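Thanks for making time this morning. I would like to walk you through one structure, beginning with charges and rings and ending with the overall picture.

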Amino acid sequence: MTTPTRATLEKALKSDEKVLKASIQIAKPHPNKSRLLTLSLFSPDLTAKVYDISVLVEELGFALSSPDMEQRVAGTNMLSAVLVALPEDLLEARQLEFLSTFYMDRLRDHHNVMPAIIDGIDALVHMKALPPSYVPLILQAFFEHTTCQSQTRGDRAKLFNIFKYLTLNFKTELLSMAGDFVYGLINSIDGERDPRNLDIIFSFMPEFLSAYPLLHLAEEMFEIFACYFPIDFNPSKQDPSAITRDELAAKLTNCLVANNEFAEATVVLAVEKLESELLVAKLDSIMLLHQAAVKFPPSVLEPHFDQIWQALKAETFPGNDNEEILKASLQALSALLERASHLPDISHSYQSSILGVILPHLSDVNQRLFHPATGIALVCVAGDAPYAADKILNSFLLKLQQAGDVSSEQRVKIYGIISQVYKLCGLRNSLQKLNVTIREALQDDVIASLRLIEKEDFDAKLENLELQKAAISVLNESAPILSEKQRALVYKALVQLVSHPSIDLDFTTLTASLGALQPVELQSNFIDVSVRNFEIFSNFVKRKIYANLLPLLPQMAFTQRILDLIMTQSFMETTSDPVRLLGLEAMNQVLAQEDQRFIVDLQHESNLLHRLIELGQNTENLSLQSLEQIAGALSRITQQLPPSEQSAIVSEYLPGLKLNLSADLYITKGLLGYLHKDISLDDHFERLLSDLTQLSLNTDNEQLRVIAHHLLCSLVNKMESNPANRGKVKKITDELKVAIKKGDVRAVEILAWVAKGLVVAGFDEAADIVGDLSDLLKHPSLSTAAALGFDIIAAEYPELDLPVVKFLYKQKLFHTIMGKMGSKLANYCVHHLKAFVYVLKATPQAVIKLNIEQLGPLLFKSLEEHNEAQSLCIALGICERFVQNQDPYFQGHLAHLIPSCLELSKYKAQHTMQVRIAALELLYDITKYPTFVLLPHKVDVTLALAAALDDPKRLVRNTAVKARNAWYMVGAASGN
């Protein structure tokens, strides 16, 4: 395009005017300038530097200086639109000087021209080449010739964003304006009411207030913000991005504490508003005090501390009924004290004022003010640990030293506070700074309370041991500052505790602390004593010794000593089975809590696997509990070994194991239960399948059958997918089918476990077994077992290792069963429904939802069958998940669902407590549906639920009350 002429400019203005008029006629907001013809005509040429912008301004002069106000508006709009569209780095300094001068002069124009001028100034100040000296000139012209608050809301938002940009990028130039800019900013903000604009102001002003001197205008600036405190407005529900009251309040608080000159006024404002009865005003005032404590230097706040303390004391001592206010007040006080902690003079002055009020009330635990006083005392310790802790601990010491005046209950409460004081001091590395005389006297009293158990007349059955528990809690925190003499008494008390025939107190934290601090002392005075006398102790005491020694295992000084004890007690031939069981349990705890490197090293150094296998095979009359512990230990060790070592172990031991022997079966469980999936068992696969199947079919021991089932399931899940292995599985399933034809219930269960392993791994053979099980659902004697078989296939077993998991196998199982049983479900067979409900329990909700039209009637039918609690609970749970999401299908079938739930909520022999509660919970969730849907059922439901209010079980009655109240409120004025 050639250089713009008056003709082309007039054409562009008319085109833009039509767009503007059209937008007004159809009630649209002001069109975006990027849509105006102006941009398409001039901005590309200016960007390409076809001509200078001064040419455009000169040719546009007829409109910019026209006596007609509307034409001036159009011309200024055009120029501003062009500036907005130009790149920020395009114009040079001389061009921007020219334009800035023009816009400063235009600030004296008619009010209607002002929106276009603001757009132009906004574009100019963002130009990178704008001479910084022009920023004060533009601002002075604006403040002199117009006011911010006379503009529309949108234009005010633009102005506040301009101020924000300038304060961040032209600090030197704005400082040169001295008080003129601050005064102009005050006038611009004063009277602003729109929360969106206030959000802009409150967001950038804290940084401005902290960086710019306010000179003589500090008080006026503070009042500008103080008038909004506390924030009181409700955001529009129609605005999805509405500013919340809490967000605005937090930003306002930041403004009120942004400058140290605000300190006095901020305290006065917060204390004044804290007297309000409104909860939100109180919380905002406390938060303002909290932020003042964090932001203002202690030297600035010190003159006002008494005023702040008196205000917070009213909320904390004796304490506000509102927990939120009490918590916020203590946090504000804590911030005040912590900020002053590095200035001893100020900190001690603060502490003295507070402690002078609360210390007298710490001497009597039965006083009403004891509890609030302890809360404030702990805040003081958190602020200045050494100073406050000494004062508080001395107060407790004087109380404890009163002869015959402190009961055990009072001591327990006092010890509880002392323990927390020590803990706070420890967190602040101040334990060693505490007064030695006070702390040792207190610890003597605590140790004396603990040693009461050593008295001959102490009866553990009559004592509640709360005093000893409290004493241990104090010693847990004060272990680093116990004197040598005190530690000797503590060791003696610990030995007495661990060897007591009936007392069982947890002091593992104390022994761990002492072990880290004084390993030699703990070894000789506690560990060696316990180990040396281990044989003569009862099993109860031995269990306590293990419980207290195992946490010490990670400490290198004690590792070998503790391991030797466990190994001796586990593998010594003369050990009795109950004692051996304790040792094996301890070994499993060690293996469970230690890392892989420790377990691998332990295996290599002590050949632990071999010793465990020998123990299981060569020890006569070993209990099943001990064998279970051996299997657990073998499993934990095997899992941590590399696959190559796992394979070698299996090759060495598996051929010699006879699965019809209990010990060998448990050893097999330990070796194979969590074997790495890549290790091939093809050489042993057929024998394992056959032996495990025969064992499950022939043994009457249910524990052994469970192990056999889990091993079978895991083996088929991890088998390599080849014709040989599949043939072996088919051979076993054929044998099971023969047994099933003879009416063997156990064979049905085994078949289900085999199917589970195949289903999870995604083998095609699983579909045939599922079909066989579905055929058994109509069998006169095996139908119940077949239904439970589907529960086995669908249920989750955390202890079962099934590493090969087919993607979306649950969905595949669902569709397989739908294909096998769909027609039978339609004909309504009780056992088919029960089996299908078990499958639905494991089916993802998204799959059920896709098929809800087909599955819904089946769920409703299953609820009408009142003879089996487990399937009823599953069906109710599935329905509840959909109802909680207000599913439209269930909304349309409430006439089926509600009567079934009411029937199931009644107290009957076949309705277990879980069924009744699930039915009532579902009825409660139904009340979330729209009122018009519920009203037809309201009267019937409220009347029918009256019976559940008299249920013999308390939990059922509670749920019935909740459900009936919800139904009673359906249609109420304040209800749904």
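Let me start with lysines that sit over aromatic rings, keeping in mind that what you see is a predicted model. K938 lies over the face of Y968, and the distance to the ring centre is 5.8 Å. There is another such arrangement at Y924, where K962 lies over the face of the ring, at 4.6 Å from its centre.

From charges over rings I move to rings beside rings. A pair of aromatic rings is described by the distance of the centres and the angle of the planes. How many aromatic pairs does the structure hold? The count is 21, and I will pick out two of them. In the pair formed by F142 and F143, the centres are 5.9 Å apart and the planes make an angle of 65°, which is an edge-to-face arrangement. These two residues, although neighbours in numbering, fall into separate classes of exposure, because F142 has a relative accessible area of 5% and is buried, while F143, at 21%, counts as partly exposed, the cut-off for buried being under 20%.

The other pair I chose is F202 with Y228, whose ring centres lie 5.7 Å apart with the planes at 70°, so this pair is edge-to-face as well. Which parts of the chain does this pair tie together? F202 belongs to helix α12, residues 195-211, whereas Y228 is in the loop between α13 (218-226) and α14 (245-256), so the pair links parts that are 26 residues apart in sequence. As for exposure, F202 and Y228 are both buried.

Coming back to F142 and F143, I should add that they belong to one aromatic cluster, in which they are joined by F160, F163, F181, F208 and Y212.

Let me now step back to the whole protein. Its secondary structure consists of 52 helices and 0 strands. The radius of gyration is 41 Å, whereas a compact globule of 976 residues would have a value near 30 Å. Along the principal axes, the C-alpha atoms fill a box of roughly 115 × 85 × 65 Å.

Are the residues of this protein mostly buried or not, and what share do the buried ones make up? Of the 976 residues, 53% are buried. The accessible surface comes to about 44,100 Å², and carbon and sulfur atoms account for 52% of that area. Finally, if we take the contacts between residues at least 6 apart in sequence, 73% of them join residues at least 24 apart.

Conventions. Residues numbered from 1 in each chain as written. Predicted model: local features only at pLDDT ≥ 70, side-chain atom pairs only at ≥ 80, totals over all residues. Heavy atoms only, no water. Phe/Tyr/Trp six-rings, centres within 6.5 Å; stacked < 30°, edge-to-face > 60°. Buried < 20%, exposed > 50% of the residue type's maximum accessible area, 1.4 Å probe, protein only. Helix = DSSP H or I, 4+ residues; strand = E, 2+ residues; numbered from the N terminus. Lys NZ or Arg CZ within 6 Å of the ring centre and 35° of its normal. Rg over C-alpha atoms; globule rule 2.2 N^0.38 Å. Contact = heavy atoms within 4.5 Å. Areas by Shrake-Rupley, 256 points an atom, 1.4 Å probe, with all protein chains shown as cover.
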